[in-house]
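Hi,

Here is the structure I promised to pass on to you. Have a look at it first, and then read my notes below.

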Amino acid sequence: MSKVHNFSAGPSILNQEVLKKASEAVVNFNNLNLSILEISHRSKDFVAVMDNAVALVKEILNVPEGYSVLFLQGGASTGFLNTVLNYGNKNGSAAYLNTGAWSKKAFKEADISHGEAIIVASSEDKNFNYIPKGYTVPDGVDYFHITTNNTIFGTQIKDIPVQENTLLIADMSSDIFSRKINVSDYALIYAGAQKNLGPAGTTLYIVKDDLLGQTNRTIPTMLDLRTHIGKGSMFNTPPVYPIYVSMLTLEWLKANGGIEWIERVNQEKAALLYSEIDANPLFEGTAEKEDRSDMNVTFVLTNDDVKEDFDKMWNEAGISGINGHRDVGGYRASIYNAMPIESIQVLVDTMKQLANKYDLVNE
Ligand SMILES: *Cc1c(COP(=O)(O)O)cnc(C)c1O
């Protein structure tokens with residue numbers, strides 16, 4: 001079988017060694033002669049997986065005292081709702097930065113469940129191709145919600161808008177573990193696993209404990225983050241396999257040098273692809289340069305007549321998953337942590353080959 005270069009936006013590429021270990025555990029986990037899929041989540045062997053996964057998150061992201069790390073279900077989309085229920089006080093309003101489709105969905109939950117939600121700034125006027133700047137969040141809001149990386153539109157917040165006395169909540173689904181973050185800037189971070197951490201099925205929450213319980217509302221048990229903090233993510237059966245594979249990914253990340261290493265690699269990878277997009281006359285990036293994502297690289301052809309040729313070329317090169325999202329069109333190369341630079345080089349070479357074919361030199 002020839003190699004496939006997987007640029008899928010999510011669920012997305014996982015490290016090959018991680019996949020191999022994960023597949024072994026399906027048949028024989030920890031030499032128990034049992035599958036990880038058929039043992040109790042309260043067994044010693046699985047409890048060790050949960051403990052290790054939580055410890056790795058804390059170590060890799062330098063999570064300070066006073067924060068809990070949870071592996072829950074429901075996807076980041078339930079995180080939208082959990083945000084409102086756990087932090088939205090009935091008497092205040094909730095503030096949102098509107099930077100794309102996911103931000104809008106997060107805001108919608110606040111609008112439905114909270115009543116008083118406001119958008120403090122938006123980039124919708126230009127189809128979300130930039131990150132708004134220079135806005136102020138009004139004093140006294142319950143929290144300020146941001147989406148740190150906009151998976152669909154290929155933008156990323158580079159300067160985190162930390163504001164004194166305002167609880168910051170972030171959906172980091174598509175860039176968690178890709179770069180340094182300062183956890184103490186946040187009241188809550190949540191992220192669906194399936195972009196940069198593991199398979200679909202679990203959602204990571206990093207929660208500052210002492211900011212919970214101030215909402216003056218009744219929260220349904222499963223949606224109350226205190227339920228899960230009290231039970232170490234084991235109030236009900238946790239998604240054992242996604243947590244196990246996430247643990248393996250975190251072990252891989254740590255063994256290679258953690259966040260400092262991956263941030264450097266991710267910057268190199270993104271620079272390689274963006275420099276080809278900028279140099280090649282047949283391609284154009286869709287996001288403003290200063291706001292470009294290091295995870296999701298969105299671009300279009302400058303001449304639609306060459307589309308058929310380009311699509312044929314990248315298919316033949318073994319490239320998969322680069323068709324753009326319907327809201328942007330063109331192409332999107334998702335280059336998450338597990339994507340090796342060699343695969344990006346294959347894409348860059350294919351783009352050069354296309355330019356050469358039309359006698360367009362781009363060096
Ligand atoms: C993929 C994605 C989501 C949706 O995650 P689900 O786990 O499918 O609910 C939310 N936010 C961002 C930024 C995403 O990339």
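What follows is a short tour of the sheets, the helices, the ligand site and two backbone details.

Please keep in mind that this is a predicted model.

Let me start with the seven-stranded sheet. It is open, its strands run in the order E2-E10-E9-E8-E5-E3-E4, and the pairing is mixed. At the edges you will find strand E2 (67-72) and strand E4 (117-122), each of which pairs on one side only. From one strand to the next, the twist averages 20°. Helix H4 (residues 101-114) packs on this sheet, where it touches strand E3 (94-98), E4, strand E5 (144-147), strand E8 (168-171) and strand E9 (188-192). The direction of H4 makes about 160° with that of E3. Back at the E2 edge, the partner is strand E10 (residues 203-208), and the two pair in the antiparallel sense over six bridges. If you want a residue pair to click on there, Ser 68 has Val 207 of E10 as its bridge partner.

The other sheet I looked at has three strands. It is also open, with the order E11-E12-E14 and antiparallel pairing. Strand E11 (283-285) and strand E14 (331-334) each have a single partner strand, so one side of each is left without a neighbour in the sheet. Neighbouring strands here are turned against each other by 35° on average, with direction ignored. Strand E12 (residues 296-301) is joined to E14 by four bridges in the antiparallel sense, and the bridge partner of Asn 296 in E14 is Ser 334.

Two helices pack on this three-stranded sheet. Helix H7 (residues 258-279) touches E11, E12 and E14, and its direction makes about 15° with that of E12. H8 also touches E11, E12 and E14, with its direction at about 25° to that of E14.

Helix H8 (residues 307-316) packs against a helix as well. Its partner is helix H9 (residues 341-357), at an angle of about 140° and with the axes 10 Å apart. The crossing of H8 past H9 is right-handed. On the H8 side the contact is made by Asp 309, Phe 310, Met 313 and Trp 314; H9 brings in Leu 347, Thr 350, Met 351, Gln 353, Leu 354 and Lys 357. Sorted by class, this contact has six nonpolar, two polar and two charged residues.

Now to the ligand. Which residues come closest to it? Of the 13 residues that surround the ligand, the closest are Ser 77, Thr 151, Asp 171, Gln 194 and Lys 195. A polar side-chain atom of Ser 77 is 2.6 Å from an oxygen atom of the ligand. For Lys 195, a side-chain N or O atom is likewise 2.6 Å from a ligand oxygen atom. Ala 76 takes part through its backbone, with a polar atom 3.0 Å from an oxygen atom of the ligand.

Finally, the two backbone details. Most residues other than glycine have a negative phi, and most peptide bonds are trans. Against that background, the peptide bond from Gly 10 to Pro 11 is cis, with omega near -10°. Pro 11 sits in the loop between strand E1 (5-6) and helix H1 (16-27). Asn 127 is not a glycine, yet its phi is positive, at about 45°; you will find Asn 127 in the loop between E4 and E5.

Happy browsing, and all the best!

Technical notes:
Residues numbered from 1 in each chain as written. Predicted model: local features only at pLDDT ≥ 70, side-chain atom pairs only at ≥ 80, totals over all residues. Heavy atoms only, no water. Pairing = 2+ DSSP bridges. Axes fitted to C-alpha atoms, helices over the stretch in contact; angles between N-to-C directions. Contact = heavy atoms within 4.5 Å. Left-handed = near helix turned anticlockwise from the far one by under 90°. Nonpolar A, V, L, I, M, F, W, Y, C, P; charged D, E, K, R; others polar. Near = heavy atom within 4 Å. Polar contact = N/O pair within 3.5 Å; in protein donor to acceptor, adjacent residues only side chain to side chain.
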